[in-house]
Amino acid sequence: MIVSGARYLPGYLNPADQKMLVEMVREITIEAPPFTPVMPRTGKPFSVTMTNCGALGWVSDRTGYRYQTHHPDNGAPWPSMPPILLNLWQTLTGYDQPPEACLVNFYAAMARMGLHVDGDEADRAAPVLSISLGDAALFRIGGTKRGDPTSSFRVQTGDIVILENESRLAYHGVDRIISASSTLLARSFPDISRINLTLRRVTRPGG
Ligand SMILES: O=C(O)CCC(=O)C(=O)O
Ligand SMILES: [Mn+2]
């Protein structure tokens, strides 16, 4: 792996598991349709659309980034965290608290995600578990300071990346999508190239 503390599990999910997760995402979007987040202050739209499942969902609007219990557009509670995600979290992280949020990012062919730290969680001891589905992406990761050197590698469908220990607060982002490198999403999400699921623990027990 490219940065110490992170775990990269290439091809962890087999094609049948990947299809099951795509169907799971399709069901989530029926209750919680993808929304377009905007940057705090400027209101500039993200190039990805998003939704969430779990007790808490990550949102961004003009007032800031935060976790909230309801969909920003329809006000409904997020769909519950599917058991398959709880199981993956337990198997791969062994963390003693379950994940509270699964952020679902939808990348169209030209979408990207700038370098950032996942820092809106009170529980920074918990790992972040990230699943890639569909077209490959150039994933960039560096250190815990913005100026630290970075390197990039291709994450492919079925790959899992876990940010934990000294990589938990590492800068990371998605430079670009490698179009037409997978057919996984063609049927269920014809306009989407890549889906990323990010599982996170948000709150600390008792606080
Ligand atoms: O799409 C990815 O692989 C990364 C997504 C991400 O870093 C995030 O949503 O915080
Ligand atoms: Mn992130």
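This short talk covers the largest pocket of the structure and the ligand in it.

One caution before I start. This is a predicted model.

Pocket first. Its volume is about 680 Å³. Thirty-five residues, that is 35, line the largest pocket. Which of them lie nearest its centre? Phe46, Trp58, Met113, Gly114 and His116 do. Now the strands. Those giving two or more residues to the lining are β4 (64–68), β5 (101–107), β6 (113–116), β7 (128–134), β11 (172–178) and β12 (194–200). As for chemistry, the lining of the largest pocket has 17 nonpolar residues, 10 polar and eight charged.

Next, the ligand. What space does ligand 1 take? The largest pocket. Four elements come up again here: β5, β6, β11 and β12 each give two or more residues to the shell around ligand 1.

Let me walk through that shell by residue. Leu103, Asn105 and Tyr107 are in it. So are Met113 and His116, the two I named at the pocket centre. Then come Asp118, Phe139, His172 and Val174. Arg194, Asn196 and Arg200 complete the list. By class, the shell around ligand 1 has five nonpolar residues, four polar and three charged.

Now the polar contacts. I have three to show you, all to oxygen on ligand 1. Asn105 has a side-chain N or O atom 2.8 Å from a ligand oxygen. For His172, a polar side-chain atom is 2.9 Å from an oxygen of ligand 1. With Asp118, the distance from a side-chain N or O atom to an oxygen of ligand 1 is 3.2 Å.

How much of ligand 1 does the protein cover? On its own, ligand 1 has 290 Å² of accessible area, and the protein covers 96% of that.

To recap: ligand 1 takes the space of the largest pocket, and Asn105, Asp118 and His172 reach its oxygen atoms with their side chains. Thanks. Questions, please.

Note on methods. Residues are numbered from 1 along each chain as its sequence is written. Chains are lettered from A and ligands numbered from 1 in the order in which they are written. This is a predicted model: local features need pLDDT of at least 70, side-chain atom pairs count only at pLDDT 80 or more; totals for chains, interfaces and linings use all residues. Side-chain values use heavy atoms; hydrogens and water are left out. On a 1 Å grid over the protein atoms alone, a cavity is a set of points where a 1.4 Å probe fits but cannot get out, and a pocket is an open set with protein on both sides within 12 Å along at least five of seven lines; lining residues have an atom within 4 Å of a point. Grid points are joined across faces, edges and corners, and a volume is the space filled by probe spheres set on the points. Ala, Val, Leu, Ile, Met, Phe, Trp, Tyr, Cys and Pro count as nonpolar, Asp, Glu, Lys and Arg as charged, and the others, Gly among them, as polar. A residue is near a molecule or strand if one of its heavy atoms lies within 4 Å of it. A polar contact is a pair of N or O atoms within 3.5 Å; within protein, one must be able to donate a hydrogen and the other to accept it, and residues adjacent in sequence count only if both atoms are side-chain atoms. Accessible areas come from the Shrake-Rupley method with a 1.4 Å probe; for residues, only the protein chains shown count as cover. A molecule sits in a cavity or pocket if more than half of its atoms lie within 2 Å of its grid points.
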